[in-house]
Amino acid sequence: MGAGKSFVARAVAEQLGTRALDLDAEVERIAGRSIPEIFDERGEGAFRRLEKEALAALPSDVGVVSLGGGTVVDEETRQTLLRDGIVVTLTADPSVLAERVGTGRGRPLLGDDPLDDLRRILALRAHAYAEAHAVIDTGKLGAHDIAAEIVAVRNLRPIVVPLGLRTYRVEVGRGVRHRVGLRAGEHSDGDAILVFDGGSERPWPKDAVRDLTLAGKPPIEVRLPGDEAHKNIGSVERIWDTALEAEVDRRAIIVGVGGGVIGDLSAFAASTLLRGVALGQIPTTLLAMVDSSVGGKTGFNRPRGKNLVGTFYQPKFVLCDVETLSTLPDAERVAGLAEVVKSAWLDCEASVALLERDADALMAGDAEATIRAVRMSVLLKSRIVHEDEQESGRRMLLNLGHTVGHGLEAASDYRGIRHGEGVALGMIAAMRVAQRLGRGRSEETERLTRLLDRLGLPTDLDARLNSRALGFIGSDKKRRGDKIHFVIPRLPGQTEIDLLGLDEVRSALAAS
Ligand SMILES: NC(=O)c1ccc[n+]([C@@H]2O[C@H](COP(=O)([O-])OP(=O)(O)OC[C@H]3O[C@@H](n4cnc5c(N)ncnc54)[C@H](O)[C@@H]3O)[C@@H](O)[C@H]2O)c1
Ligand SMILES: [Zn+2]
(Lines give C-alpha, C1' and ligand atoms only; values in the text may rest on other atoms or scores of the structure.)
(Ligands and ions follow the chains in the order given, each with its own letter.)
Protein backbone atom coordinates (compact mmCIF):
# COMPACT_ATOMS: atom_id res chain seq x y z
CA MET A 1 0.00 0.00 0.00
CA GLY A 2 1.62 3.23 -1.12
CA ALA A 3 4.59 1.43 -2.67
CA GLY A 4 3.59 2.58 -6.14
CA LYS A 5 2.56 -0.79 -7.56
CA SER A 6 0.10 0.42 -10.18
CA PHE A 7 2.37 3.14 -11.49
CA VAL A 8 5.43 0.86 -11.67
CA ALA A 9 3.38 -1.94 -13.25
CA ARG A 10 2.42 0.38 -16.09
CA ALA A 11 6.07 1.40 -16.54
CA VAL A 12 7.12 -2.27 -16.67
CA ALA A 13 4.36 -3.10 -19.16
CA GLU A 14 5.50 -0.24 -21.36
CA GLN A 15 9.10 -1.50 -21.35
CA LEU A 16 7.91 -5.02 -22.17
CA GLY A 17 5.35 -3.96 -24.76
CA THR A 18 2.46 -5.57 -22.93
CA ARG A 19 -0.54 -4.48 -20.84
CA ALA A 20 -0.69 -3.92 -17.10
CA LEU A 21 -3.71 -4.73 -15.00
CA ASP A 22 -4.55 -3.53 -11.53
CA LEU A 23 -5.99 -6.45 -9.57
CA ASP A 24 -7.96 -4.23 -7.17
CA ALA A 25 -9.61 -2.46 -10.11
CA GLU A 26 -10.33 -5.80 -11.78
CA VAL A 27 -12.00 -7.12 -8.62
CA GLU A 28 -14.09 -3.95 -8.39
CA ARG A 29 -15.11 -4.41 -12.00
CA ILE A 30 -16.11 -8.07 -11.50
CA ALA A 31 -17.98 -7.36 -8.25
CA GLY A 32 -19.56 -4.18 -9.50
CA ARG A 33 -18.73 -2.36 -6.24
CA SER A 34 -15.84 -0.55 -4.63
CA ILE A 35 -13.33 -2.37 -2.39
CA PRO A 36 -14.59 -0.69 0.82
CA GLU A 37 -18.10 -1.82 -0.15
CA ILE A 38 -16.96 -5.41 -0.74
CA PHE A 39 -15.21 -5.41 2.67
CA ASP A 40 -18.26 -3.90 4.38
CA GLU A 41 -20.89 -6.07 2.76
CA ARG A 42 -19.11 -9.41 2.40
CA GLY A 43 -15.93 -9.27 4.47
CA GLU A 44 -12.24 -9.82 3.70
CA GLY A 45 -12.65 -13.56 2.96
CA ALA A 46 -14.99 -12.86 0.07
CA PHE A 47 -12.63 -10.20 -1.25
CA ARG A 48 -9.70 -12.67 -1.27
CA ARG A 49 -11.84 -15.21 -3.15
CA LEU A 50 -12.67 -12.60 -5.77
CA GLU A 51 -8.94 -11.84 -6.10
CA LYS A 52 -8.19 -15.50 -6.73
CA GLU A 53 -10.91 -15.73 -9.35
CA ALA A 54 -9.63 -12.65 -11.11
CA LEU A 55 -6.05 -13.95 -11.10
CA ALA A 56 -7.11 -17.31 -12.49
CA ALA A 57 -8.92 -15.64 -15.38
CA LEU A 58 -6.44 -12.95 -16.46
CA PRO A 59 -7.00 -11.65 -20.00
CA SER A 60 -4.36 -13.15 -22.30
CA ASP A 61 -2.89 -9.79 -23.32
CA VAL A 62 -2.00 -8.88 -19.73
CA GLY A 63 1.71 -9.29 -18.99
CA VAL A 64 2.00 -7.37 -15.72
CA VAL A 65 -0.35 -7.36 -12.74
CA SER A 66 -0.18 -5.03 -9.79
CA LEU A 67 -1.51 -7.13 -6.94
CA GLY A 68 -3.37 -5.92 -3.92
CA GLY A 69 -1.17 -5.63 -0.84
CA GLY A 70 -2.82 -8.65 0.76
CA THR A 71 -3.00 -10.90 -2.30
CA VAL A 72 0.29 -12.70 -1.67
CA VAL A 73 -0.52 -13.26 2.00
CA ASP A 74 -2.60 -16.22 0.86
CA GLU A 75 -0.13 -19.13 0.84
CA GLU A 76 -1.68 -20.94 -2.10
CA THR A 77 -1.90 -17.83 -4.27
CA ARG A 78 1.67 -16.85 -3.41
CA GLN A 79 3.16 -20.24 -4.29
CA THR A 80 1.18 -20.36 -7.54
CA LEU A 81 2.42 -16.90 -8.51
CA LEU A 82 6.01 -17.81 -7.60
CA ARG A 83 5.80 -20.92 -9.74
CA ASP A 84 4.05 -19.47 -12.76
CA GLY A 85 5.30 -15.92 -12.80
CA ILE A 86 7.86 -13.45 -11.56
CA VAL A 87 6.88 -11.90 -8.24
CA VAL A 88 8.44 -8.61 -7.21
CA THR A 89 7.83 -7.02 -3.82
CA LEU A 90 7.86 -3.23 -3.86
CA THR A 91 8.34 -1.78 -0.45
CA ALA A 92 9.55 1.35 1.31
CA ASP A 93 10.03 2.62 4.80
CA PRO A 94 6.66 2.86 6.63
CA SER A 95 7.07 6.62 7.00
CA VAL A 96 7.50 6.98 3.22
CA LEU A 97 4.46 4.78 2.65
CA ALA A 98 2.39 6.73 5.19
CA GLU A 99 3.23 9.96 3.45
CA ARG A 100 2.15 8.50 0.12
CA VAL A 101 -1.19 7.09 1.30
CA GLY A 102 -2.11 10.31 3.15
CA THR A 103 -5.17 9.85 5.33
CA GLY A 104 -5.82 6.38 3.94
CA ARG A 105 -9.27 7.16 2.59
CA GLY A 106 -10.62 4.24 0.54
CA ARG A 107 -8.11 1.87 2.23
CA PRO A 108 -10.18 -0.40 4.45
CA LEU A 109 -7.19 -1.72 6.40
CA LEU A 110 -6.04 1.72 7.56
CA GLY A 111 -7.53 3.49 10.56
CA ASP A 112 -6.88 6.83 12.28
CA ASP A 113 -3.12 6.33 12.54
CA PRO A 114 -1.96 5.14 9.10
CA LEU A 115 1.74 5.05 10.07
CA ASP A 116 1.06 2.75 12.99
CA ASP A 117 -1.24 0.58 10.89
CA LEU A 118 1.31 0.36 8.07
CA ARG A 119 4.01 -0.73 10.51
CA ARG A 120 1.71 -3.39 11.92
CA ILE A 121 0.65 -4.66 8.48
CA LEU A 122 4.25 -4.77 7.21
CA ALA A 123 5.33 -6.77 10.25
CA LEU A 124 2.44 -9.21 9.86
CA ARG A 125 3.16 -9.70 6.17
CA ALA A 126 6.96 -9.66 6.29
CA HIS A 127 7.24 -13.42 5.68
CA ALA A 128 4.96 -13.31 2.65
CA TYR A 129 6.58 -10.21 1.18
CA ALA A 130 10.06 -11.74 1.49
CA GLU A 131 9.05 -14.71 -0.69
CA ALA A 132 9.62 -13.04 -4.04
CA HIS A 133 11.97 -13.07 -7.02
CA ALA A 134 13.15 -9.65 -5.91
CA VAL A 135 12.44 -7.11 -3.18
CA ILE A 136 12.88 -3.49 -4.28
CA ASP A 137 12.91 -0.45 -2.03
CA THR A 138 10.90 2.19 -3.87
CA GLY A 139 11.93 4.92 -1.47
CA LYS A 140 15.29 5.18 -3.20
CA LEU A 141 14.60 4.85 -6.92
CA GLY A 142 12.42 6.52 -9.53
CA ALA A 143 9.67 4.56 -11.29
CA HIS A 144 11.68 4.18 -14.48
CA ASP A 145 14.69 2.68 -12.67
CA ILE A 146 12.45 0.37 -10.66
CA ALA A 147 10.80 -0.81 -13.85
CA ALA A 148 14.18 -1.43 -15.46
CA GLU A 149 15.24 -3.47 -12.44
CA ILE A 150 12.06 -5.54 -12.64
CA VAL A 151 12.62 -6.22 -16.33
CA ALA A 152 16.17 -7.35 -15.49
CA VAL A 153 14.86 -9.73 -12.82
CA ARG A 154 12.35 -11.10 -15.30
CA ASN A 155 15.12 -11.80 -17.80
CA LEU A 156 17.33 -13.47 -15.18
CA ARG A 157 14.48 -15.64 -13.89
CA PRO A 158 16.07 -16.62 -10.57
CA ILE A 159 14.54 -19.59 -8.79
CA VAL A 160 13.07 -18.67 -5.43
CA VAL A 161 13.48 -20.96 -2.43
CA PRO A 162 10.55 -19.61 -0.40
CA LEU A 163 11.35 -19.80 3.30
CA GLY A 164 9.82 -16.67 4.76
CA LEU A 165 12.44 -14.20 5.97
CA ARG A 166 15.17 -16.70 5.03
CA THR A 167 14.05 -16.80 1.38
CA TYR A 168 16.86 -16.85 -1.17
CA ARG A 169 17.30 -17.12 -4.92
CA VAL A 170 19.22 -19.53 -7.11
CA GLU A 171 20.57 -18.06 -10.33
CA VAL A 172 21.30 -20.49 -13.15
CA GLY A 173 23.05 -19.63 -16.40
CA ARG A 174 26.27 -18.87 -18.19
CA GLY A 175 28.57 -16.43 -16.44
CA VAL A 176 26.33 -15.97 -13.39
CA ARG A 177 29.37 -16.60 -11.15
CA HIS A 178 30.42 -13.02 -11.89
CA ARG A 179 27.52 -11.74 -9.80
CA VAL A 180 29.25 -12.89 -6.62
CA GLY A 181 30.57 -9.41 -5.81
CA LEU A 182 27.14 -7.83 -6.22
CA ARG A 183 25.36 -10.52 -4.21
CA ALA A 184 27.94 -10.62 -1.42
CA GLY A 185 27.60 -6.85 -1.10
CA GLU A 186 23.83 -7.09 -0.85
CA HIS A 187 24.00 -9.58 2.00
CA SER A 188 27.03 -8.53 4.00
CA ASP A 189 28.71 -5.35 5.16
CA GLY A 190 31.70 -7.27 6.42
CA ASP A 191 34.62 -9.32 5.15
CA ALA A 192 34.29 -12.07 2.56
CA ILE A 193 35.90 -15.44 3.23
CA LEU A 194 36.38 -17.51 0.10
CA VAL A 195 36.56 -21.28 0.56
CA PHE A 196 37.66 -23.37 -2.42
CA ASP A 197 39.73 -26.28 -3.65
CA GLY A 198 41.67 -27.19 -6.78
CA GLY A 199 44.61 -25.62 -8.53
CA SER A 200 45.33 -23.35 -11.47
CA GLU A 201 43.50 -25.67 -13.89
CA ARG A 202 40.27 -24.29 -12.45
CA PRO A 203 39.87 -20.50 -12.85
CA TRP A 204 36.64 -20.31 -10.81
CA PRO A 205 38.06 -19.37 -7.40
CA LYS A 206 40.35 -16.81 -9.04
CA ASP A 207 37.35 -15.30 -10.83
CA ALA A 208 35.57 -15.01 -7.50
CA VAL A 209 38.58 -13.28 -5.92
CA ARG A 210 38.57 -10.75 -8.75
CA ASP A 211 34.81 -10.15 -8.70
CA LEU A 212 34.75 -9.77 -4.91
CA THR A 213 37.74 -7.44 -5.00
CA LEU A 214 36.10 -5.29 -7.69
CA ALA A 215 33.07 -5.05 -5.42
CA GLY A 216 35.24 -3.79 -2.57
CA LYS A 217 35.50 -7.09 -0.73
CA PRO A 218 38.95 -8.57 -1.35
CA PRO A 219 38.40 -12.01 0.20
CA ILE A 220 40.26 -13.89 2.87
CA GLU A 221 41.19 -17.09 1.05
CA VAL A 222 40.89 -20.59 2.50
CA ARG A 223 42.08 -23.30 0.15
CA LEU A 224 41.19 -26.83 1.21
CA PRO A 225 41.67 -30.29 -0.22
CA GLY A 226 38.14 -30.81 -1.57
CA ASP A 227 37.83 -34.57 -1.57
CA GLU A 228 35.50 -36.69 0.55
CA ALA A 229 38.37 -37.82 2.81
CA HIS A 230 38.92 -34.21 3.86
CA LYS A 231 35.28 -33.49 4.59
CA ASN A 232 36.12 -33.51 8.26
CA ILE A 233 36.33 -31.34 11.34
CA GLY A 234 39.97 -30.48 10.51
CA SER A 235 38.84 -28.69 7.36
CA VAL A 236 36.10 -26.89 9.28
CA GLU A 237 38.71 -25.73 11.80
CA ARG A 238 40.83 -24.33 8.98
CA ILE A 239 37.91 -22.16 7.87
CA TRP A 240 37.02 -21.06 11.41
CA ASP A 241 40.60 -20.26 12.37
CA THR A 242 41.58 -18.46 9.18
CA ALA A 243 38.52 -16.22 9.55
CA LEU A 244 39.11 -15.63 13.26
CA GLU A 245 42.78 -14.84 12.78
CA ALA A 246 41.72 -12.22 10.23
CA GLU A 247 39.45 -10.83 12.98
CA VAL A 248 36.24 -10.98 11.00
CA ASP A 249 33.02 -10.05 12.76
CA ARG A 250 29.44 -11.23 12.47
CA ARG A 251 28.83 -9.14 9.37
CA ALA A 252 31.15 -11.44 7.41
CA ILE A 253 30.11 -13.71 4.58
CA ILE A 254 31.54 -17.10 3.67
CA VAL A 255 31.44 -18.01 -0.01
CA GLY A 256 32.11 -21.60 -1.07
CA VAL A 257 33.36 -22.29 -4.60
CA GLY A 258 33.48 -25.99 -5.42
CA GLY A 259 31.65 -29.29 -5.32
CA GLY A 260 29.43 -30.69 -2.59
CA VAL A 261 32.35 -31.28 -0.24
CA ILE A 262 33.44 -27.63 -0.29
CA GLY A 263 29.77 -26.56 -0.17
CA ASP A 264 28.91 -28.67 2.89
CA LEU A 265 32.08 -27.56 4.72
CA SER A 266 31.65 -23.84 3.97
CA ALA A 267 27.99 -24.00 4.93
CA PHE A 268 28.69 -25.74 8.22
CA ALA A 269 31.46 -23.27 9.00
CA ALA A 270 29.12 -20.35 8.17
CA SER A 271 26.39 -21.74 10.42
CA THR A 272 28.74 -21.94 13.40
CA LEU A 273 31.34 -19.19 12.99
CA LEU A 274 30.51 -16.46 15.55
CA ARG A 275 27.13 -18.25 15.91
CA GLY A 276 26.38 -17.78 12.25
CA VAL A 277 27.53 -15.53 9.42
CA ALA A 278 26.08 -15.12 5.92
CA LEU A 279 26.72 -17.79 3.30
CA GLY A 280 26.90 -17.74 -0.50
CA GLN A 281 27.45 -20.72 -2.77
CA ILE A 282 29.04 -21.10 -6.19
CA PRO A 283 28.65 -24.81 -6.93
CA THR A 284 31.07 -26.12 -9.59
CA THR A 285 29.89 -29.71 -9.98
CA LEU A 286 26.58 -30.75 -11.49
CA LEU A 287 25.68 -32.59 -8.30
CA ALA A 288 26.34 -29.52 -6.19
CA MET A 289 24.21 -27.37 -8.51
CA VAL A 290 21.19 -29.64 -8.56
CA ASP A 291 21.40 -30.97 -5.04
CA SER A 292 23.85 -30.01 -2.32
CA SER A 293 24.00 -26.20 -2.73
CA VAL A 294 20.22 -25.81 -2.35
CA GLY A 295 18.21 -26.72 0.71
CA GLY A 296 20.46 -25.87 3.62
CA LYS A 297 21.88 -29.19 4.77
CA THR A 298 25.44 -28.76 5.98
CA GLY A 299 27.87 -31.15 7.59
CA PHE A 300 30.98 -33.27 7.60
CA ASN A 301 32.01 -36.87 8.05
CA ARG A 302 32.99 -38.76 11.20
CA PRO A 303 34.82 -42.08 11.48
CA ARG A 304 31.44 -43.76 12.03
CA GLY A 305 29.95 -42.48 8.78
CA LYS A 306 29.20 -39.70 6.31
CA ASN A 307 27.44 -36.45 7.23
CA LEU A 308 26.88 -37.48 10.84
CA VAL A 309 27.45 -33.99 12.24
CA GLY A 310 25.80 -30.98 10.67
CA THR A 311 23.17 -28.27 10.76
CA PHE A 312 20.34 -26.87 8.69
CA TYR A 313 21.46 -23.46 7.48
CA GLN A 314 20.28 -21.70 4.34
CA PRO A 315 22.53 -19.65 2.05
CA LYS A 316 21.77 -16.07 1.05
CA PHE A 317 22.38 -16.78 -2.62
CA VAL A 318 23.40 -19.59 -4.96
CA LEU A 319 25.04 -18.98 -8.34
CA CYS A 320 24.92 -22.03 -10.63
CA ASP A 321 27.22 -21.17 -13.50
CA VAL A 322 27.25 -23.96 -16.09
CA GLU A 323 30.52 -22.60 -17.48
CA THR A 324 32.28 -23.95 -14.39
CA LEU A 325 31.39 -27.47 -15.52
CA SER A 326 33.82 -27.12 -18.44
CA THR A 327 36.72 -28.23 -16.24
CA LEU A 328 34.82 -31.03 -14.51
CA PRO A 329 35.77 -34.56 -15.61
CA ASP A 330 33.00 -36.10 -17.76
CA ALA A 331 32.49 -39.01 -15.38
CA GLU A 332 31.76 -36.57 -12.50
CA ARG A 333 29.31 -34.62 -14.63
CA VAL A 334 27.52 -37.74 -15.83
CA ALA A 335 27.24 -39.01 -12.25
CA GLY A 336 25.46 -35.76 -11.40
CA LEU A 337 22.90 -36.49 -14.10
CA ALA A 338 21.55 -39.32 -11.92
CA GLU A 339 20.26 -36.72 -9.45
CA VAL A 340 18.73 -34.82 -12.36
CA VAL A 341 16.83 -37.94 -13.44
CA LYS A 342 15.75 -38.41 -9.83
CA SER A 343 14.39 -34.85 -9.74
CA ALA A 344 12.53 -35.30 -13.01
CA TRP A 345 10.88 -38.50 -11.84
CA LEU A 346 9.86 -36.87 -8.57
CA ASP A 347 8.59 -33.84 -10.48
CA CYS A 348 6.29 -34.80 -13.35
CA GLU A 349 5.83 -36.32 -16.78
CA ALA A 350 6.86 -33.11 -18.54
CA SER A 351 10.22 -33.07 -16.74
CA VAL A 352 10.98 -36.69 -17.64
CA ALA A 353 9.98 -35.96 -21.23
CA LEU A 354 12.29 -32.93 -21.21
CA LEU A 355 15.26 -35.12 -20.23
CA GLU A 356 14.33 -37.69 -22.85
CA ARG A 357 14.35 -34.96 -25.47
CA ASP A 358 17.59 -33.47 -24.19
CA ALA A 359 19.40 -36.72 -23.37
CA ASP A 360 21.99 -36.58 -26.17
CA ALA A 361 22.68 -32.88 -25.59
CA LEU A 362 23.02 -33.47 -21.85
CA MET A 363 25.38 -36.34 -22.34
CA ALA A 364 27.49 -34.11 -24.61
CA GLY A 365 27.52 -31.31 -22.03
CA ASP A 366 25.47 -28.82 -24.05
CA ALA A 367 25.11 -25.61 -22.01
CA GLU A 368 21.47 -24.83 -22.83
CA ALA A 369 20.30 -28.38 -22.10
CA THR A 370 22.29 -28.34 -18.87
CA ILE A 371 20.69 -25.04 -17.83
CA ARG A 372 17.23 -26.52 -18.45
CA ALA A 373 18.09 -29.61 -16.41
CA VAL A 374 19.57 -27.62 -13.52
CA ARG A 375 16.57 -25.28 -13.45
CA MET A 376 14.12 -28.17 -13.39
CA SER A 377 16.01 -29.88 -10.56
CA VAL A 378 16.42 -26.74 -8.46
CA LEU A 379 12.75 -25.82 -8.90
CA LEU A 380 11.72 -29.27 -7.72
CA LYS A 381 14.08 -29.14 -4.77
CA SER A 382 12.99 -25.64 -3.79
CA ARG A 383 9.37 -26.79 -3.75
CA ILE A 384 10.15 -29.78 -1.53
CA VAL A 385 12.36 -27.74 0.80
CA HIS A 386 9.59 -25.16 1.09
CA GLU A 387 7.15 -27.88 2.14
CA ASP A 388 9.49 -29.67 4.54
CA GLU A 389 12.72 -27.85 5.34
CA GLN A 390 13.99 -30.21 8.03
CA GLU A 391 13.12 -33.55 6.49
CA SER A 392 10.29 -34.69 8.71
CA GLY A 393 8.18 -35.88 5.80
CA ARG A 394 8.11 -34.99 2.14
CA ARG A 395 11.79 -34.11 1.90
CA MET A 396 12.48 -37.82 2.28
CA LEU A 397 11.30 -38.11 -1.33
CA LEU A 398 14.71 -36.78 -2.31
CA ASN A 399 16.15 -40.07 -1.07
CA LEU A 400 14.72 -41.84 -4.11
CA GLY A 401 17.32 -44.39 -5.21
CA HIS A 402 19.56 -43.59 -2.25
CA THR A 403 18.75 -46.52 0.04
CA VAL A 404 20.12 -49.13 -2.34
CA GLY A 405 22.57 -46.60 -3.79
CA HIS A 406 24.20 -46.12 -0.39
CA GLY A 407 24.35 -49.90 0.01
CA LEU A 408 26.24 -50.19 -3.26
CA GLU A 409 28.57 -47.30 -2.34
CA ALA A 410 29.29 -48.77 1.08
CA ALA A 411 29.90 -52.24 -0.37
CA SER A 412 32.54 -50.74 -2.65
CA ASP A 413 34.12 -48.92 0.32
CA TYR A 414 33.11 -45.65 -1.41
CA ARG A 415 35.74 -46.22 -4.06
CA GLY A 416 34.44 -48.54 -6.76
CA ILE A 417 31.33 -46.54 -7.55
CA ARG A 418 30.44 -42.85 -7.62
CA HIS A 419 27.50 -41.56 -5.60
CA GLY A 420 25.49 -40.73 -8.74
CA GLU A 421 26.16 -44.14 -10.23
CA GLY A 422 24.87 -45.72 -7.03
CA VAL A 423 21.77 -43.53 -7.23
CA ALA A 424 21.14 -44.57 -10.85
CA LEU A 425 21.27 -48.24 -9.89
CA GLY A 426 19.35 -47.52 -6.70
CA MET A 427 16.49 -45.98 -8.69
CA ILE A 428 16.25 -49.08 -10.85
CA ALA A 429 16.26 -51.12 -7.64
CA ALA A 430 13.46 -48.98 -6.21
CA MET A 431 11.44 -49.57 -9.38
CA ARG A 432 11.95 -53.28 -8.94
CA VAL A 433 10.75 -53.12 -5.33
CA ALA A 434 7.70 -51.16 -6.51
CA GLN A 435 6.97 -53.84 -9.08
CA ARG A 436 7.37 -56.68 -6.60
CA LEU A 437 4.98 -54.93 -4.24
CA GLY A 438 2.49 -54.76 -7.08
CA ARG A 439 2.76 -50.98 -7.26
CA GLY A 440 4.84 -50.42 -10.34
CA ARG A 441 4.81 -51.58 -13.93
CA SER A 442 7.67 -52.94 -16.00
CA GLU A 443 7.05 -50.17 -18.56
CA GLU A 444 8.22 -47.54 -16.05
CA THR A 445 11.27 -49.59 -15.06
CA GLU A 446 12.19 -49.93 -18.72
CA ARG A 447 11.64 -46.25 -19.42
CA LEU A 448 13.85 -45.17 -16.51
CA THR A 449 16.53 -47.70 -17.41
CA ARG A 450 16.59 -46.49 -21.01
CA LEU A 451 16.96 -42.87 -19.94
CA LEU A 452 19.78 -43.60 -17.49
CA ASP A 453 21.53 -45.64 -20.14
CA ARG A 454 21.27 -42.87 -22.74
CA LEU A 455 22.83 -40.47 -20.24
CA GLY A 456 25.81 -42.76 -19.78
CA LEU A 457 24.87 -44.03 -16.33
CA PRO A 458 25.22 -47.66 -15.24
CA THR A 459 22.08 -49.83 -15.32
CA ASP A 460 23.48 -53.33 -14.72
CA LEU A 461 21.92 -53.72 -11.29
CA ASP A 462 22.11 -57.50 -11.06
CA ALA A 463 25.81 -57.57 -11.85
CA ARG A 464 26.49 -55.22 -8.91
CA LEU A 465 23.94 -56.24 -6.33
CA ASN A 466 25.89 -58.90 -4.47
CA SER A 467 25.13 -60.15 -0.97
CA ARG A 468 27.59 -57.70 0.54
CA ALA A 469 25.72 -54.79 -1.02
CA LEU A 470 22.37 -56.24 0.08
CA GLY A 471 23.78 -56.47 3.61
CA PHE A 472 24.69 -52.78 3.60
CA ILE A 473 21.20 -51.67 2.62
CA GLY A 474 19.66 -49.73 5.46
CA SER A 475 22.94 -49.42 7.33
CA ASP A 476 22.84 -45.63 6.96
CA LYS A 477 21.13 -43.34 9.43
CA LYS A 478 17.66 -43.30 7.94
CA ARG A 479 16.83 -46.62 9.55
CA ARG A 480 14.07 -47.11 12.16
CA GLY A 481 14.53 -50.45 13.91
CA ASP A 482 14.41 -53.18 11.27
CA LYS A 483 12.26 -51.01 9.05
CA ILE A 484 13.31 -48.27 6.65
CA HIS A 485 11.56 -45.42 4.92
CA PHE A 486 11.68 -46.52 1.33
CA VAL A 487 10.87 -44.23 -1.58
CA ILE A 488 8.70 -46.00 -4.12
CA PRO A 489 8.61 -44.49 -7.61
CA ARG A 490 5.52 -45.03 -9.68
CA LEU A 491 4.64 -42.85 -12.65
CA PRO A 492 6.60 -39.59 -12.88
CA GLY A 493 5.26 -37.24 -10.21
CA GLN A 494 3.65 -40.08 -8.27
CA THR A 495 6.24 -41.15 -5.75
CA GLU A 496 5.37 -42.57 -2.35
CA ILE A 497 7.22 -43.13 0.91
CA ASP A 498 6.60 -46.37 2.78
CA LEU A 499 7.92 -47.93 5.96
CA LEU A 500 9.15 -51.30 4.71
CA GLY A 501 10.83 -54.19 6.49
CA LEU A 502 14.50 -54.54 5.57
CA ASP A 503 13.92 -58.20 4.75
CA GLU A 504 11.02 -57.25 2.52
CA VAL A 505 13.28 -54.90 0.54
CA ARG A 506 16.13 -57.38 0.33
CA SER A 507 13.98 -60.25 -0.83
CA ALA A 508 12.20 -58.07 -3.39
CA LEU A 509 15.60 -57.15 -4.79
CA ALA A 510 17.17 -60.58 -4.69
CA ALA A 511 14.29 -62.46 -6.28
CA SER A 512 14.90 -61.40 -9.84
N1 LIG B 1 24.09 -30.79 1.63
C2 LIG B 1 23.36 -31.57 0.86
O3 LIG B 1 22.13 -31.45 0.81
C4 LIG B 1 24.05 -32.59 0.02
C5 LIG B 1 23.32 -33.26 -0.97
C6 LIG B 1 23.99 -34.16 -1.78
C7 LIG B 1 25.34 -34.39 -1.58
N8 LIG B 1 26.01 -33.75 -0.61
C9 LIG B 1 27.44 -33.97 -0.39
O10 LIG B 1 28.13 -33.55 -1.56
C11 LIG B 1 29.35 -34.27 -1.66
C12 LIG B 1 29.52 -34.70 -3.09
O13 LIG B 1 29.61 -33.57 -3.91
P14 LIG B 1 30.23 -33.62 -5.37
O15 LIG B 1 29.66 -34.74 -6.12
O16 LIG B 1 30.13 -32.26 -5.91
O17 LIG B 1 31.71 -34.07 -5.10
P18 LIG B 1 33.03 -33.29 -4.66
O19 LIG B 1 32.77 -32.04 -3.98
O20 LIG B 1 33.85 -34.32 -3.96
O21 LIG B 1 33.70 -32.98 -6.06
C22 LIG B 1 34.13 -34.05 -6.88
C23 LIG B 1 35.55 -33.79 -7.37
O24 LIG B 1 35.50 -32.81 -8.40
C25 LIG B 1 36.40 -31.74 -8.13
N26 LIG B 1 35.78 -30.55 -8.73
C27 LIG B 1 34.76 -29.82 -8.25
N28 LIG B 1 34.40 -28.88 -9.13
C29 LIG B 1 35.22 -29.01 -10.19
C30 LIG B 1 35.34 -28.34 -11.44
N31 LIG B 1 34.47 -27.38 -11.81
N32 LIG B 1 36.32 -28.71 -12.28
C33 LIG B 1 37.16 -29.73 -11.94
N34 LIG B 1 37.08 -30.42 -10.81
C35 LIG B 1 36.12 -30.07 -9.93
C36 LIG B 1 36.53 -31.74 -6.64
O37 LIG B 1 37.74 -31.17 -6.25
C38 LIG B 1 36.48 -33.23 -6.33
O39 LIG B 1 37.74 -33.81 -6.51
C40 LIG B 1 29.26 -35.39 -0.68
O41 LIG B 1 30.10 -35.11 0.41
C42 LIG B 1 27.82 -35.41 -0.23
O43 LIG B 1 27.65 -35.84 1.09
C44 LIG B 1 25.39 -32.84 0.19
ZN1 LIG C 1 22.42 -37.94 -3.76
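This report describes a predicted model, taking in turn a sheet, the surroundings of a ligand, a helix and several single residues.

## The seven-stranded sheet

An open sheet is built from 7 strands in the order β5-β6-β13-β10-β9-β7-β8, and the pairing within it is mixed. Its edges are formed by β5 (159–161) and β8 (220–223), each of which pairs on one side only. Averaged over the sheet and with direction ignored, neighbouring strands are turned by 15° against each other. In general, the strands of a sheet pair through backbone hydrogen bonds, in either a parallel or an antiparallel manner.

One parallel pairing is that of β10 (residues 278–283) with β13 (residues 317–321), which are joined by 2 bridges; G280 has F317 as its bridge partner in β13. Helix α8 (residues 180–187) lies across β7 (192–196), β9 (253–258), β10 and β13, and runs at about 165° to β10.

## V161 on an edge strand

V161 belongs to strand β5, one of the two edge strands of the sheet. Is V161 buried or exposed? V161 counts as buried, because 26 C-beta neighbours lie inside 10 Å, and the cut-off for that class is 20 or more. Leaving out residues up to four places away in sequence, V161 touches T167, Y168, V170, V294, S382, V385 and H386. By contrast, L244, which is 83 residues from V161 along the chain, has its C-alpha atom 31 Å from that of V161.

## The shell around ligand 1

The shell around ligand 1 holds 27 residues, of which G259, G260, T284, T285 and S292 come nearest. By class, the shell divides into 5 nonpolar, 12 polar and 10 charged residues. Elements that each supply at least two residues of this shell are α11 (260–272), α12 (286–292) and β12 (305–309).

## Positive phi at L274 and N307

Most residues other than glycine have a negative phi. Two residues depart from this pattern here: L274, which is not a glycine, has a positive phi of about 50°, and N307, also a residue other than glycine, has a phi near 55°.

The settings of these two residues can be stated separately. L274 lies in the loop between α11 and β10 and is partly exposed, with 14 other C-beta atoms within 10 Å. N307 lies in strand β12 and likewise counts as partly exposed, with 16 C-beta neighbours inside 10 Å.

## Helix α2 and strand β1

In helix α2 (residues 23–31), the residues L23, E26 and V27 are buried. They lie on the same side of α2, because the arc that they cover around the axis is only 100°. An α-helix has 3.6 residues a turn, so residues three or four places apart point the same way. The buried residues of α2 pack against β1 (19–22), α3 (35–56) and β2 (62–66), and just after the helix G32 takes a positive phi of about 70°.

D22 lies in strand β1 and counts as partly exposed, with 18 C-beta neighbours inside 10 Å. Apart from residues up to four places away in sequence, D22 touches S6 and S66. L325, which is 303 residues from D22 in sequence, is 43 Å from D22 in space, C-alpha to C-alpha.

## Two further buried residues

V88 has its place in strand β3 (residues 88–91), and with 21 C-beta neighbours inside 10 Å it counts as buried. Which residues is V88 in contact with, leaving aside its neighbours within four places in sequence? Its contacts are A132, H133, A134, I136, I150 and V153. The C-alpha atoms of V88 and S66 are 9.7 Å apart in space, while the two residues are 22 residues apart in sequence.

A344 lies in helix α13 (residues 330–347) and counts as buried, with 25 C-beta neighbours inside 10 Å. Not counting residues up to four places away in sequence, A344 touches S351, V352, L354, L355, M376 and P492. For the contact with M376, the two residues are 32 residues apart along the chain and their C-alpha atoms are separated by 7.3 Å.

Note on methods. Residues numbered from 1 in each chain as written. Chains lettered and ligands numbered in written order. Predicted model: local features only at pLDDT ≥ 70, side-chain atom pairs only at ≥ 80, totals over all residues. Pairing = 2+ DSSP bridges. Helix = DSSP H or I, 4+ residues; strand = E, 2+ residues; numbered from the N terminus. Axes fitted to C-alpha atoms, helices over the stretch in contact; angles between N-to-C directions. Contact = placed C-beta atoms within 7 Å. Near = placed C-beta within 6 Å. Nonpolar A, V, L, I, M, F, W, Y, C, P; charged D, E, K, R; others polar. Buried ≥ 20, exposed ≤ 12 C-beta atoms within 10 Å, placed from the backbone. Arc of directions from axis to C-beta.
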